[in-house]
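Morning, everyone. Please bring up the model on your screens. I'll keep this short.

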Amino acid sequence: MTRNQRLRRVAILCCHCLRNLAFYRAWHLEGRPHSDNQFWVTANGNALDATVLEWCKLFGDPRGKHYYAKVVSDPVQFRAEMLDKLKMDGAAFEKYLGEMKTYRDKFVAHLDDLHTMHIPAFGIARGSVTFLYNHLLDNEDDGNVFHDVSETNGTSYYNKWLQVGRDSCKI
């Protein structure tokens with residue numbers, strides 16, 4: 001896979017993660033409408049699971065093809081700047097990473113023997129993916145890789161899909 005292909009795929013994963021998170025949150029922000037309808041309950045659960053899976057591809061597996069450090073030019077500087085933006089240190093991020101991987105491993109990839117599912121908070125996930133997406137577009141696009149991107153900012157991308165999700169909940 002070329003660098004440009006990898007950059008593009010990581011940006012696509014960022015978008016998938018942010019869009020699924022927006023849909024997951026929209027349902028809750030709208031007061032869980034249609035919660036008696038299994039379609040909506042399942043769609044919301046799937047958005048939750050997809051958010052976690054995509055986030056873990058980006059931040060959870062250093063050996064993975066789409067791990068952030070494989071696409072940013074200076075992974076050490078990127079991580080330091082991201083942690084500063086998130087207002088957390090490396091240990092706190094690693095703890096959060098553990099929470100996300102536990103949810104992924106124990107409830108999405110497998111259904112282990114744990115009796116209680118702890119859904120991670122998503123502020124850090126949203127912040128880290130937004131930071132990565134913005135960084136890719138602003139700092140790593142040396143080959144016009146993102147020439148067709150309509151949303152050039154992770155926050156506006158998330159907000160657009162949050163509104164779509166909220167509007168869809170009102171149907």
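**Helix packing, cysteines and loops**

Let's start with one tyrosine: Y133 lies in helix α5, which covers residues 123–140. A word of caution before going on: this is a predicted model.

Is Y133 buried or exposed? Its relative accessibility is 2%, so Y133 counts as buried. Now look at what surrounds it. Setting aside neighbours within four places in sequence, Y133 touches A11, C14, C15, V149, E151, N153 and G154. Take V10 as well. Y133 and V10 sit 123 residues apart in sequence, yet their C-alpha atoms are 8.2 Å apart in space.

That brings us to α1 and α5. Their axes come within 10 Å and cross at roughly 145 degrees. The crossing of this pair is left-handed. Which residues meet there? From α1, we have R3, L7, V10, A11, C14, C15, C17, L18, L21 and R25. From α5, we have G123, R126, V129, T130, L132, Y133, L136 and E140. By class, the contact of α1 with α5 holds twelve nonpolar, two polar and four charged residues.

Next, α1 against α2. Helix α2 spans residues 38–59, and it packs with α1 at about 145 degrees, the axes being 8 Å apart. α1 passes α2 in a left-handed crossing. On the α1 side, the contact uses V10, L13, C14, H16, C17, N20, L21, F23, Y24, W27 and H28. On the α2 side, it uses W40, V41, N44, A47, L48, A50, T51, E54, W55, K57 and L58. How do the residues of the contact of α1 with α2 divide? There are 15 nonpolar, five polar and two charged.

Third pair: α1 and α6. Here α1 is residues 3–29 and α6 is residues 154–169. They pack at an angle of about 40 degrees, with their axes 8 Å apart. α1 and α6 are therefore oblique to each other. What is the hand of the crossing as α1 passes α6? Right-handed. α1 brings C15, L18, R19, L21, A22, F23, R25, A26, W27 and L29 to this contact. α6 brings G154, Y157, Y158, W161, L162, V164, G165, R166 and C169. The residues of the contact of α1 with α6 split into 14 nonpolar, two polar and three charged.

Now the cysteines. A disulfide is a covalent bond between the sulfur atoms of two cysteines. How many disulfides does a search of the whole structure find? Zero. Take C14: the nearest cysteine sulfur belongs to C15, 6.8 Å away, and C14 is in no disulfide. The cut-off is 2.5 Å between the sulfur atoms. C14 has 0% relative accessibility, so it counts as buried. C17 is likewise in no disulfide. For C17, the nearest cysteine sulfur is that of C14, at 7.5 Å. C17 has a relative accessible area of 1%, so it is buried.

On to the loops, beginning with the one between α1 and α2. Two residues there deserve a look at their backbone angles. R32 is placed in this loop. Its phi is near 55 degrees, a positive value in a residue other than glycine. R32 is partly exposed, at 43% relative accessible area. H34 is also found in the loop between α1 and α2. What is phi of H34? It is near 60 degrees, again positive in a residue other than glycine. H34 is partly exposed, with a relative accessible area of 26%.

Next loop: D89 lies between α3, residues 75–86, and α4, residues 90–108. D89 has a relative accessible area of 46%, so it is partly exposed. Along the chain, D89 and R79 are ten residues apart, and their C-alpha atoms are separated by 9.9 Å.

Last loop: A121 is placed between α4 and α5. Buried or exposed, where does A121 fall? A121 counts as exposed, at 54% relative accessibility; the cut-off for exposed is over 50%. Compare its position with that of D36. The two are 85 residues apart in sequence and 24 Å apart in space, C-alpha to C-alpha.

To recap: Y133 in α5 is buried and contacts C14 and C15, among others. α1 crosses α5 left-handed, α2 left-handed and α6 right-handed. The search for disulfides finds zero. Thanks, that's the tour.

Key
Residues are numbered from 1 along each chain as its sequence is written. This is a predicted model: local features need pLDDT of at least 70, side-chain atom pairs count only at pLDDT 80 or more; totals for chains, interfaces and linings use all residues. Side-chain values use heavy atoms; hydrogens and water are left out. Axes are lines fitted to C-alpha atoms, for helices over the stretch in contact, and angles run from 0 to 180 degrees between N-to-C directions. Helices (H or I, at least four residues) and strands (E, at least two) are DSSP runs, numbered from the N terminus. Angles under 35 degrees count as roughly parallel, over 145 as roughly antiparallel, 65 to 115 as roughly perpendicular and the rest as oblique. A crossing is left-handed if the near helix is turned anticlockwise from the far one by less than a right angle, and right-handed if clockwise. Contact means heavy atoms within 4.5 Å. Ala, Val, Leu, Ile, Met, Phe, Trp, Tyr, Cys and Pro count as nonpolar, Asp, Glu, Lys and Arg as charged, and the others, Gly among them, as polar. Buried means under 20% relative accessible area, exposed over 50%, partly exposed in between (1.4 Å probe, protein chains only).
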